[in-house]
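Work through the exercises below with the sequence and the model side by side. Each task is followed by a solution in steps.

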Amino acid sequence: MTSPGTPRRSRRLAAASLLGVLLLSSCGPAAQTSPEDAEQSAGAAAQGTADAEAQAEAQARAEAREAYEAALAGPGEEHRQRAEEIVEEYSAEELAGSVLVGEFASTNAAPMAALIDQLHLAGSIIMGGNVPGGDQGVDLETLAAELETLTSAAQDREVPPMISVDQEGGLVTRVAAPLTEWPTPMSYGAAALGSAQAEDDAQPTEGEDEADDDALTRSGHRFLAVELEELGFTTSFAPEGDVTVGAADPTIGSRSFGGDAEAVSELAMSGIRGLAEGGLAGAVKHFPGHGSVTEDSHQTLPVQDASLEELRSRDWVPFAEAAEAGVPMIMMGHIEVPALEDGTPSSLSAAAYAELRDMGHEGVVVTDALNMGAIVQGYGGDRAAVLALEAGADLLLMPADVRGAHAAIVAAMESGELDRSRVTEASQRVAALQLWQADLAAGELAAGPGVELPEELAGETESNSEVLGDAEGLDSAADTAQTLGRSAITLVAGQCEADLAAEGIQVVGGSAQDRSRLISAAQAEGITVGTGAVVNLIGESSAAGGDIAVALDRPEVLTAADAPTQIALYGRTVESFEALARVLSGEEAPGRLPVAVGEEERGHSTC
């Protein structure tokens, strides 16, 4: 990283060099110089000095930004070298454990901590059943104590344990309120499209900075990470790099940022950089793309019949861009791709891992959960662990039986079926990731929680927007969540800025919490509840009926709606329902569809 003194030194050198040239030129025979010529020479000299200073400042800013982004991208050379030294001393049992992330089935973390210690596991994942409840939602104090129990199980190791969670926002939220609640990832896609359209409509004058469409995504993921890291988490298996095909996609849906590969690429990169700024390691998932297959890998093995050309032009675009830019981790899904290797899940396919490496990914490749139907039904958890490592996996997530997987890996190394060097390589990548994340969270790098921007970037509004994702209204988690709710909501059918609640509203559909939240938001907005237009919340209810249909999660459910007014909300947070109440009162809905819905194309809105 460029030191704070470099720019000033560069400017001094540039100025000194220019002064030397001027002094040498003055040592020759005296020449007759007119006042006009002298004035022009002085002006040229001043301009030259200014140009040199501006060039030096621009170079210093570029170097500082590069160092900042490199710190967020994953382990540096120092982490990789230290990881090699540490792993070189591992026994076979330690090697086998260092590439496994286990799970447990209660809110008591002590048994899992014992396994981390006994089997030398890389760490543990926290699922919904591991999160203790309290009067106000999650019991954060107890949860933090349980996470500390897991962390302390590896206190004698130089490599800290991985304490991971699936926390995407929306439907995949393991740790809910009182942490900030976030809507579905698709809400970021809707907000970004709305922002882009607003910029086009505004036609900014020449030289005027355009807003950073990805600032909201980066800020949301940063605040999500900050809250998790403060509890003791080190990793969130997010964000999605999957490009959804819409209604035919049964699994990903609103977990995707949208249906356009380039847009998903940009938002996924903003998301994973935001997680790193908050102190967490993230993972772009699920290569080779779960958004365009029509079966759920939790239940069975989906088959992706697209050609390599088709995959490289769509599903693989976000992963290729992530690999090129540098990310700490990519998750390998359980999808059969005959164009790569017929009859084999990608998580067990050497061809799939080779494709990721050919894209330039140098970080960890983690498998999706090995206890999913796509793997257990065809291979069994223990055997799958060996096959995944042999194929090229670095980190094995949630084997059906972590003890059995550990024993199988040790036995495979001892028999020679599994080359020890392959497990060593995997372990080194995982160790480097964990060492990097610890430094990142501790503020030991050029970026991360509590790290101040270097002098070259501090105070530069445009630079801060690009590097940190800062923008007006994104100063806190609450502000960001509110901005996201307001920016994403989309009017799919109906009249824009119509006062839909002039005669009041009746709320049907959804869950009890959904109805309660909308009623509270409506009353706060001065809307009469119990009479008037019927608002049908589509989530846990039929899409038919009502005057106003509101898709709570994925917008594709609106294709079955018959209401004259149709709204896509993309989430069930308090802020989402507050935004809905404002739109019902006549406020504009600024978002746009990030995926096609029926005959309506991506980017559609009636506003």
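## Exercise 1: The disulfide

The model is predicted. Start with one cysteine: Cys-496 is buried, with a relative accessible area of 19%.

Task: Find out which residue forms a disulfide with Cys-496, and state which parts of the chain the pair ties together.

Solution.
- Step 1. The structure holds 1 disulfide.
- Step 2. The partner is Cys-607, and the two sulfur atoms are 2.2 Å apart. The cut-off for a disulfide is 2.5 Å.
- Step 3. The angle about the S-S bond is 105°, and the link is right-handed.
- Step 4. Cys-496 sits in the loop between strand 14 (490-493) and strand 15 (505-509), while Cys-607 belongs to the segment after helix 20 (574-584); the pair therefore ties together parts that are 111 residues apart in sequence.
- Step 5. Cys-607 has a relative accessible area of 23%, so this residue counts as partly exposed. Buried would require under 20%.

## Exercise 2: A residue with positive phi in the loop

Task: Describe the backbone of Glu-497 and decide whether Glu-497 is buried or exposed.

Solution.
- Step 1. Glu-497 lies in the loop between strand 14 and strand 15.
- Step 2. Its phi is near 60°, a positive value in a residue other than glycine.
- Step 3. The relative accessibility of Glu-497 is 52%. Exposed begins over 50%, so Glu-497 counts as exposed.

His-120 can be treated in the same steps. This residue is in the loop between helix 5 (110-119) and strand 2 (123-126), and its phi is also positive, near 60°. At a relative accessible area of 25%, His-120 is partly exposed.

## Exercise 3: Strand 17 and its partners

Task: Name the strands that pair with strand 17 and the residues that stand opposite Val-550.

Solution.
- Step 1. Strand 17 covers residues 548-551. Ile-548 and Val-550 point one way, Ala-549 and Ala-551 the other way, and all are buried.
- Step 2. Strand 16 (residues 533-538) pairs with strand 17 in the parallel sense, over 4 bridges.
- Step 3. Strand 18 (residues 565-568) also pairs with strand 17 in the parallel sense, over 4 bridges.
- Step 4. Opposite Val-550 stands Leu-537. In strand 18, the bridge partner of Val-550 is Ile-567.
- Step 5. The loop between strand 17 and strand 18 holds Ala-560. With a relative accessible area of 51%, Ala-560 is exposed.
- Step 6. Ala-560 and Gly-598 are 38 residues apart in sequence, and their C-alpha atoms are 9.0 Å apart in space.

## Exercise 4: The span and setting of helix 8

Task: Check the span of helix 8 against the value expected from its number of residues, then say how many of its residues are buried.

Solution.
- Step 1. Helix 8 (residues 215-231) has 17 residues, and at 1.5 Å a residue these should span 24 Å.
- Step 2. The end C-alpha atoms are 25 Å apart, which agrees with the expected span.
- Step 3. Of the 17 residues, 14 are buried, so helix 8 is largely enclosed by the rest of the structure.
- Step 4. Gly-232 follows helix 8, and its phi is positive, near 125°.

## Exercise 5: Two crossings of helix 18

Task: Classify how helix 18 lies to helix 20 and how helix 8 lies to helix 18.

Solution.
- Step 1. The axes of helix 18 (residues 477-488) and helix 20 come within 8 Å and cross at roughly 45°.
- Step 2. Helix 18 and helix 20 are therefore oblique to each other. The crossing of helix 18 past helix 20 is right-handed.
- Step 3. For helix 8 and helix 18, the axes come within 9 Å and cross at roughly 140°. That makes helix 8 oblique to helix 18; roughly antiparallel would need an angle over 145 degrees.
- Step 4. Helix 8 passes helix 18 in a left-handed crossing.

## Exercise 6: Cis peptide bonds

Task: Locate the cis peptide bonds that lead to Pro-178 and Pro-288.

Solution.
- Step 1. The bond from Ala-177 to Pro-178 is cis, with omega near 15°. Pro-178 is in the loop between strand 7 (172-173) and helix 7 (186-202).
- Step 2. Phe-287 and Pro-288 are joined by a cis peptide bond with omega about 5°. Pro-288 lies in the loop between strand 10 (284-287) and helix 10 (308-313).

Note on methods. Residues numbered from 1 in each chain as written. Predicted model: local features only at pLDDT ≥ 70, side-chain atom pairs only at ≥ 80, totals over all residues. Heavy atoms only, no water. Buried < 20%, exposed > 50% of the residue type's maximum accessible area, 1.4 Å probe, protein only. Pairing = 2+ DSSP bridges. Expected span 1.5 Å × (residues − 1). Axes fitted to C-alpha atoms, helices over the stretch in contact; angles between N-to-C directions. Parallel < 35°, antiparallel > 145°, perpendicular 65-115°, else oblique. Left-handed = near helix turned anticlockwise from the far one by under 90°.
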